[in-house]
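Student: Hi! Could you walk me through this model?
Tutor: Happy to. Here it is.

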Amino acid sequence: MKILVIGSGGREHALAWKLAQSPRVKKVFVAPGNGGTARETRVENLPLTDIAQLADFCVAEDIHLTVVGPESPLAAGIVDHFRMRRLRIFGPTQGAAQLESSKAFAKAFMQRHAIPTADHRTFSDALQAHAYIDERGGPLVVKADGLAAGKGVVVAQTPDEAHAAVTDMLERNTYGVRHGEGGARVVIEDFLQGEEASFIVLVDGCNVVPLASSQDHKRLKDGDFGPNTGGMGAYSPAPVVTPEVHARVMREIILPTVQAMAAEGHPYTGFLYAGLMIDAQGRAKTLEFNCRLGDPETQPILMRLKSDLVSVLDAAIDGRLDKLELQWDRRTALAVVMAASGYPEAPRLGDPITSIPKPEDDLRVFHAGTVLDHDVLRTSGGRVLTVTALGDSVRMAQARAYAGVRQIAFDGMQFRQDIGYRAVKR
């Protein structure tokens, strides 16, 4: 069979690599793909992004199923279009994708259904937003309402930082946010103390199967300093998600969300990502929802997945997740993101990349912002590569990943040197 993966990042490279391992698969197309997917065995890049053209391709090539990587096509209604044409696709409808495409929708939804989250207010008027900041003080979290590729969030330690974030988001659109029909809005919410974790599940409209837990590192610099990014590294499993926390999250956040989406007329199918803040007592609150796999969490999660991903997605599309049990590698997987010079504000593109280590059982380099230019691999985005390794402990996976990082070279490369530090300290 043939499979189509939509997207061009490290998440999509990992998906294509994992799907191509299935003995049922002849070829995986990645639209549009990157320099890494161009070199992957049984994988071929497809230079298309238009939804109608992608659907035409699926008909012409008899594509068995499509899996959507990034949020933008989901928010644009690709699942609705494919279903209208009776094409098999895994992802949420445009209505269900509002959980990610609109922070304001998500917060109001959580409030309606008593799903644990931070106290918040939503503003389209800058003067009212500034007045609210003066009233609340700091620290606060300011979020742009719309799609911002994971970067439209500012953790403001002081009121001055919160005021600046509101100005950037409501007046300047510094983060390049794709606003909804209501125009520019911001969500201002209380800062939550605790440890973050990524909780990702498969949903078939009714049934839910959790993936392995993971933890992302959003800040650019070691020790969680510097600006927020799309993610500088991740590891799986996340020790903070204990069996008790896992059960609580399923009971208080995931299942109520899936049930409430169905009750509101938007049955949810696809990957559902809950970004969590877990306090010292093991209580979790929802920071955000994403309607797709996280990046870079996907890379370590799929390194650990032993089940055939094609069979998993087939079960999800056909509403058979209640019959599914996933198999996992017992080892820890850890991923280090290597970013371009100037990331996240103004990444420099076009730098040649050398000395990428060859794939091994316990080490793979997934490409994100890369392009093949006459057989020369060059940077083409902010996050360039994700070096992902397996090990018998977090420390061993960490050492293996950084050994891979040290083999790679491109001008101005940035990477954190402490991915996994929270788990190592435990």
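Tutor: Let's chat about its cores and then some unusual backbone spots. This is a predicted model, so local features need pLDDT of at least 70, side-chain atom pairs count only at pLDDT 80 or more, and totals for chains, interfaces and linings use all residues. Residues are numbered from 1 along each chain as its sequence is written, and side-chain values use heavy atoms, leaving out hydrogens and water.

Student: How many residues has the largest nonpolar core?
Tutor: That core has 51 residues. A nonpolar core is a set of buried Ala, Val, Leu, Ile, Met, Phe, Trp, Tyr and Cys residues joined through side-chain atoms within 4.5 Å. Buried means under 20% relative accessible area, exposed over 50%, partly exposed in between (1.4 Å probe, protein chains only).

Student: Which helix gives the largest share of this core?
Tutor: Helix 9 (residues 243-263), with eight residues. Helices (H or I, at least four residues) and strands (E, at least two) are DSSP runs, numbered from the N terminus.

Student: New topic: which peptide bond before Pro 32 is cis?
Tutor: The one from Ala 31, with omega near 0°. Pro 32 lies in strand 2 (residues 27-32). The bond from Gly 138 to Pro 139 is cis too, with omega near -5°.

Student: And what is the phi of Asp 62?
Tutor: About 55°, which is positive although Asp 62 is not a glycine. Most residues other than glycine have a negative phi.

Student: Is Asp 62 buried or exposed?
Tutor: Exposed, with a relative accessible area of 63%. Asp 62 sits in the loop between helix 2 (51-61) and strand 4 (65-68).
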